[in-house]
Amino acid sequence: MRLNIQNVSKRYNKEKYGLKDYSLTIENGILGLLGSNGAGKSTLMKIIATISQPTDGTIELDGHNILQDPNYIRKMLGYLPQDFGVYANLNAFEFLEYIAAMKGVGGAGLRNRIDALLEGVNLIESAKLPIGTYSGGMKQRIGIAQALLNDPKVLIFDEPTVGLDPEERMRFRNLISDLAESSIIILSSHIVSDIETIADEVAIMKSGTLITKGTQAEVISKVDGKVFETLLENNSLPDFKTKNLVVNTNRQKNKVWVRYISNNPVNGSEAAAASLEDAYLYLTSNNN
Ligand SMILES: Nc1ncnc2c1ncn2[C@@H]1O[C@H](COP(=O)(O)OP(=O)(O)O)[C@@H](O)[C@H]1O
Ligand SMILES: [Mg+2]
């Protein structure tokens, strides 16, 4: 499958753009949209899910214009909105039956499908309790289950790992990684480590624009040879920060350990292996 987003803009009002001339091609696999709050991730996802219309541009799924024919993608879409509201009085079974009815999923296999999904998101034991009694992470997991209900070929998860603990994240990853071969999976986060463990490819966004897209290795390679660590005197840190992009610090007795990105490392620095977080901070910083 191939989703082709071309020159898409979303203008909310006179001076406010959610997306600006945004182009991206997405193929099967897991793509992580990474960007700080306000970068435009939710705007892009809503437009792909045909919940929101762009002001400009085209989007094609396997050559079909989905802005003109939104039903083409809706039939094969699973979507977890960022502000996923649930029906507090329904239990997990009832809620998934309700969503199934809305999506036109039915038949003899439905009960088994619901059981398997509840198993997959580790909610089977709480499935008879009203969703209103669930924790934030449990609500998020029922949201993930509903997105998967209709065997979707295009899956959009807006900040799916919010509220999930490490074990639940691993479950989520396992749940979607089998689907990635035959479907397009897009997930967003503002936390690098969430994307790092799950996504095959990463698209870094800032202010409604695409900064870069590639495999994790390709994105990381953009800071190869630029990441350094050194020990500084405590009082020299403020000045150092004005001249270098500091990505991490760790105070020791009288000194401070600093990880930074630079083309001209200071004397006494040691080169460090670049990480996705380094690349993200470097590529979204203003002085790169
Ligand atoms: N309905 C709206 N009306 C006006 N501005 C909006 C609306 N939705 C989002 N925005 C603005 O568009 C930009 C992108 O927002 P959003 O897509 O929610 O970013 P993200 O999901 O990456 O945090 C932000 O500056 C946000 O304030
Ligand atoms: Mg968002």
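# Exercises on a predicted model

The magnesium ion (ligand 2) has two protein donors, Ser42 through OG and Gln82 through OE1, lying 2.0 to 2.1 Å from the ion. The two donors come from distant parts of the chain, 40 residues apart. The structure is a predicted model, and the exercises below are to be worked with that in mind.

## Exercise 1: the metal site

Task: state which elements hold Ser42 and Gln82, and classify Ser42 and Gln82 as buried, partly exposed or exposed.

Solution.
1. Ser42 sits in helix H1 (residues 41-48), while Gln82 sits in the loop between E6 and helix H3 (92-103).
2. Buried means under 20% relative accessible area, and exposed means over 50%.
3. Ser42 has a relative accessibility of 18%, so Ser42 counts as buried.
4. Gln82 has a relative accessibility of 42%, so Gln82 counts as partly exposed.

## Exercise 2: the six-stranded sheet

Task: give the strand order of the open sheet of six strands, name the edge strands, and describe how E3 and E8 are joined.

Solution.
1. The order is E6-E7-E8-E3-E9-E10, and the pairing is mixed.
2. Strand E6 (77-80) and strand E10 (209-215) are the edges, since each pairs on one side only.
3. From one strand to the next, the twist averages 15°.
4. Strands E3 (residues 29-34) and E8 (residues 184-189) run parallel and are joined by six bridges. Within this pair, Leu33 is opposite Ser188 of E8.
5. Helix H5 (residues 136-148) lies across E6 and strand E7 (154-157), and runs at about 165° to E6.

## Exercise 3: the partners of E1

Task: find which strands E1 is joined to by bridges, and in which direction they run.

Solution.
1. Seven bridges link strand E1 (residues 2-11) to E2, and the two run antiparallel. A hairpin of five residues connects E1 to E2.
2. In this pair, Ile5 has Leu24 of E2 as its bridge partner.
3. E1 is also joined to strand E4 (residues 56-61), by five bridges, again antiparallel. Here Gln6 is partnered with Thr58 in E4.

## Exercise 4: nonpolar cores

Task: identify the residues that touch the most other members of the largest nonpolar core, and explain why this core lies between the domains.

Solution.
1. The core has 54 residues, and Leu118, Ile142 and Phe157 touch the most other members.
2. Domain 1 (2-215) and domain 2 (224-284) both contribute residues, so the core lies between them.
3. Beyond four places in sequence, the contacts of Phe157 include Met45, Leu80, Ile144, Phe172 and Ile186.
4. A second, separate core has 30 residues, among them Ala39, Ile47, Ile66 and Leu77.

## Exercise 5: single residues

Task: place Asp21, Ser207 and Val227 in their elements, and add the backbone or accessibility details for Asp21, Ser207 and Val227.

Solution.
1. Asp21 lies in strand E2 (residues 17-27) and has a positive phi of about 45°, although it is not a glycine. Its relative accessibility is 52%, so Asp21 counts as exposed.
2. Ser207 lies in the loop between strand E9 (201-206) and E10. Ser207 is not a glycine either, yet has a positive phi of about 50°.
3. Val227 belongs to strand E11 (residues 227-233) and is buried, at a relative accessible area of 1%.
4. Not counting residues up to four places away in sequence, Val227 touches residues including Arg259, Tyr260, Ile261 and Asp278.

Methods. Residues numbered from 1 in each chain as written. Chains lettered and ligands numbered in written order. Predicted model: local features only at pLDDT ≥ 70, side-chain atom pairs only at ≥ 80, totals over all residues. Heavy atoms only, no water. Pairing = 2+ DSSP bridges. Helix = DSSP H or I, 4+ residues; strand = E, 2+ residues; numbered from the N terminus. Axes fitted to C-alpha atoms, helices over the stretch in contact; angles between N-to-C directions. Contact = heavy atoms within 4.5 Å. Donors = N, O, S within 2.8 Å, 3.2 Å for Na, K, Ca; no water. Buried < 20%, exposed > 50% of the residue type's maximum accessible area, 1.4 Å probe, protein only. Core = buried A, V, L, I, M, F, W, Y, C linked by side-chain atoms within 4.5 Å. Domains from an automatic or database assignment.
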